[in-house]
Amino acid sequence: MALSIWEALAVLAAGVGAGTINAIVGSGTLFTFPVLLATGLPPVTANVSNTIGLVTGNISGAVGYRRELRGQRARVIRFGITALIGGLTGAVLLLALPSKAFDAIVPALIALALVLVVLQPRLAQVLARRRERNGTEAPTDGGPALLAGLLLASAYGGYFGAAQGVMYLSLMGLLLHDDLQRVNALKNTIGVVVNGVAALFFVFVADVDWTAVLLIAAGSTIGGLIGAKVGRRLSPTVLRGVIVVVGAVAIAQMLLR
């Protein structure tokens, strides 16, 4: 599909915004997907092109957070394999199933994730006291509950992805005893895996608008570097506030769509 110069600039700018917010929180799709629809792309083609285009932004965001990944190699491998399976599953579902039933439950899932983000410090204290009473230690990898949650969140990411990062941060923030910035670095790395496997699948089986892909890729790569620089300077409290705002916007957009 041919884009006018103004449409092309709008898609490029949306890519920068998406890459920036993806590195900080996630939900960059909230920037790019509506713009692609406004240019006249069909929803599935817009979704597919958006997923492929955002991969380079995911990579630049993960690279920007590489310092916070030190000492987390085992987690990256374990969570990355889980994310790969979930992301591929979601990509297959996008092309195989109608979206109405899935779209109906997504706002509720995001709302639950936001509640977990807000309550994470208090819930973590409650869990720590319970483990102390029982004489047990917190699993360093989050245990089976985290893997199950990441699998489902990754399937959602391969399917659509808006507020996927919010879900990751809420799950890992609660179940991993670690600094929120290190958790964010994990989120960015998992995002590379999910978007990457979904994008690879879409290249071979779906209709792709390569002009949109290239514009989003260029913008999101720049945005990912910007977002990593900004996000790493935010305190845990401010970062949680950003997560809640972005998640609330995602819910509103989905309910009004």
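A cavity is a set of grid points where a 1.4 Å probe fits but cannot get out. This is a predicted model, and the structure holds two cavities of 30 Å³ or more.

**The largest cavity**

The largest cavity has a volume of about 190 Å³. Its lining is made up of 19 residues, and those that lie nearest the centre are N22, N58, G161, Q164 and N195. Three elements give two or more residues each to this lining: α3 (43-53), α8 (164-175) and α9 (180-205). Helix α9 provides the largest share, with four residues.

What kinds of residue line the largest cavity, nonpolar, polar or charged? The table gives the division.

| Class of lining residue | Number in the largest cavity |
|---|---|
| Nonpolar | three residues |
| Polar | 15 residues |
| Charged | one residue |

**The nonpolar patch**

The surface carries a nonpolar patch formed by V44, L95, L200, V203, F204, V205 and W210. Together these residues have about 690 Å² of accessible area. Helix α9 also appears here: the largest share of the patch, four residues, comes from α9.

F204, one of the patch residues, has its place in helix α9. Is F204 buried or exposed? Its relative accessibility is 68%, and a residue counts as exposed when the value is over 50%. F204 therefore counts as exposed.

**Helix α9 in both places**

Helix α9 gives four residues to the lining of the largest cavity and four residues to the nonpolar patch on the surface. In each case this is the largest share from any element.

How values were computed. Residues numbered from 1 in each chain as written. Predicted model: local features only at pLDDT ≥ 70, side-chain atom pairs only at ≥ 80, totals over all residues. Heavy atoms only, no water. 1 Å grid on protein atoms, 1.4 Å probe; cavity = no way out; pocket = protein on both sides within 12 Å on 5 of 7 lines; lining within 4 Å. Points joined across faces, edges and corners; volume = space filled by probe spheres on them. Nonpolar A, V, L, I, M, F, W, Y, C, P; charged D, E, K, R; others polar. Patch = residues over 30% accessible without salt bridge, like charges linked within 9 Å, V, L, I, M, F, W, Y side chains within 5 Å. Areas by Shrake-Rupley, 256 points an atom, 1.4 Å probe, with all protein chains shown as cover. Salt bridge = Lys/Arg side-chain N within 4 Å of Asp/Glu carboxyl O. Buried < 20%, exposed > 50% of the residue type's maximum accessible area, 1.4 Å probe, protein only.
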